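Me: Please take a close look at one part of this model and explain how it is built. I should like each term set out as it arises.

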Amino acid sequence: MSYIAPLKDMLFDIEHLARIDQVAQMPGFEDAGLETAQAVLEECARLNQDVIAPLNWEGDKNPSSFKDGKVTTTPGFKDAFKQYAEGGWQGLQHPTDFGGQGLPKTIGAACGEILNSANMSFALCPLLTDGAIEALITAGSDELKAIYLEKLVSGQWTGTMNLTEPQAGSDLAAVRSRAEPQPDGTYKVFGTKIFITYGEHDMAENIVHLVLARVTGAPEGVKGISLFVVPKFMVNQDGSIGERNDVHCVSIEHKMGIKASPTAVLQYGDHGGAVGYIVGQENRGLEYMFIMMNAARYAVGVQGIAIAERAYQKAVAYAKDRVQSRPVDGSLSAAAPIIHHPDVKRMLMTMRASTEGCRAMAAVAAAAYDASHHHPDAEVRKQNATFYEFLVPLVKGYSTEMSMEVTSLGVQVHGGMGFIEETGAAQYYRDAKILTIYEGTTAIQANDLVGRKTSRDGGMAAKAIAAQIEQTEKELGAGSAQAQAVGKRLAAAREAFVDVVEFIAANTRSNPNAAFAGSVPYLMLAGNLIAGWQMARALLVAEDLSAKGQDVAFMQAKITTARFYADHILSRAPGVRDAIVDGADAVTALAIESF
């Protein structure tokens, strides 16, 4: 089944939940209103539906290969990437100063979903390049910006993020790669980096590696890490490609999913040292790398939404075609397509509601990001920055965990045929698994949510969000019977959320094992609530527009999906609260010897 971008749903979120009209009033975004969003998304959909999506199944069957130090990507990828770059898609959200289009994240995030739904393995190359661009814009010297940014923004060159080493997974304090200062101001970089997405490939003429390493004599731990630009090929004074640098791919991984994306092991300095250039100041590398990681974490959350959408579309198509058994209500006397069966409807609605809820949450987060950078009022920028920072671990953690549930349901809808690779349903399930792992596992996102986003300010940011949700509950309470029913579910989930926030704020220091034992359930509760809040807001809008006769069938579907989310997904929240608040002691009391 071919992929069709859900443009109507995306534009609904952009217009009514993310409020693109308000984004377009901010300096620099004056031409980025709804009309622009629609035109950009339609063009993005054409490229991805026609060129990039057809390569997804091919990439799973015929993944990237490694031979004699070189990586050959899936047939068709190189030409597709050329079209992607020439269309200006790499620079969509990046500043016009470096050749980008300067569009808001509110639009760019939707394009990111389309690209990842079309072909997640392909999309990983632009995703890492975006992170490299963000880091250089924020911390790079004028010289580094002049040399690298225009080529990265154009897609002529691509970028990578080099954190992990064989002995250091997520614990970056254990990084051992070293950088030796040279008289000319450069550094010689030595070490091994693993799990480097698109660390070697044949789609661009140069690869710009951003590498964490320790300068000779630097302090131990995370305070002694610096960030370096290490290009695959040196760059001549005129900007042309020069000699090969001393960084080489020694292997690529054989993975359960995203097989077409080459995940490289890179070796630095086996032949005298790879030439590197410091980004910002020495020993502040982790700070700069987090710029890349924050951008990547949001983008990975969008990947979760994207793969869930693709799995949902495939499951619906199969359910409409697969004939098996008579309907239980006797409405047909013969076997019917399985979409008539109540449990199949339940699975499909769970897939749709979960995906739409996370999409809405991501759209609202993107608008907050735009406001945090472009709103003329400093206080409004600060409020939106706090809101966005709180949402990043939810977009990343909750959306990717959601994608595992949705893609698993996609296999289940297919029944036994879902377990057969030729149907394609299993690919989405396999591809989705990495999303809960890379750029920080779900537990790392949850620890961030507990430590930095909740307990650090005593739960103030979390409670401020709860207050906004309470306002939506009042609007629902004054509405239709449907709205009131959703409002009751939302209120129960919000109360559960506030109880957990207070529990975590009270226990993070005095009883950290109890607080962190519930960190992932807390993240899931928070993500469920924020997505459910956006679904409730969508219901209010849809009821109003439906009453005015605007696209009634679509609006009624929105209302039905929001009600389903409230009854079947949002309703999980009180139970999660009980497990965290009442069940923490049971977890912390377990002796290690009992395992």
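Reply: Helices (H or I, at least four residues) and strands (E, at least two) are DSSP runs, numbered from the N terminus. The model is predicted, so local features need pLDDT of at least 70 and side-chain atom pairs pLDDT 80 or more, while totals for chains, interfaces and linings use all residues. Residues are numbered from 1 along each chain as its sequence is written, and side-chain values use heavy atoms, without hydrogens and water.

The part chosen is helix α11, which covers residues 378–414. Its 37 residues should span 54 Å (1.5 Å times one less than the number of residues), and this agrees with the 52 Å between its end C-alpha atoms.

At the start of α11, Asp 377 places a side-chain oxygen within 2.8 Å of the backbone nitrogen of Glu 379. This is a polar contact (N or O atoms within 3.5 Å, one able to donate a hydrogen and the other to accept it; sequence neighbours count only through side-chain atoms of both). Further along, α11 bends by about 30° at Leu 391 (the angle between axes fitted to the seven residues ending there and the seven starting there), and Pro 393 follows within four residues. After α11 comes Gly 415, with a positive phi near 65°.

α11 also packs against helix α14 (residues 460–477), at an angle of about 100° and with axes 10 Å apart. Axes are lines fitted to C-alpha atoms over the stretch in contact, and angles run from 0 to 180 degrees between N-to-C directions. The two helices, α11 and α14, are therefore roughly perpendicular (65 to 115 degrees; under 35 is roughly parallel, over 145 roughly antiparallel, the rest oblique). In this contact (heavy atoms within 4.5 Å), Thr 386, Phe 387, Phe 390 and Leu 391 of α11 meet Ala 461, Ala 462 and Ile 465 of α14. The residues of the contact comprise 6 nonpolar, 1 polar and no charged (Ala, Val, Leu, Ile, Met, Phe, Trp, Tyr, Cys and Pro are nonpolar, Asp, Glu, Lys and Arg charged, the others, Gly among them, polar).
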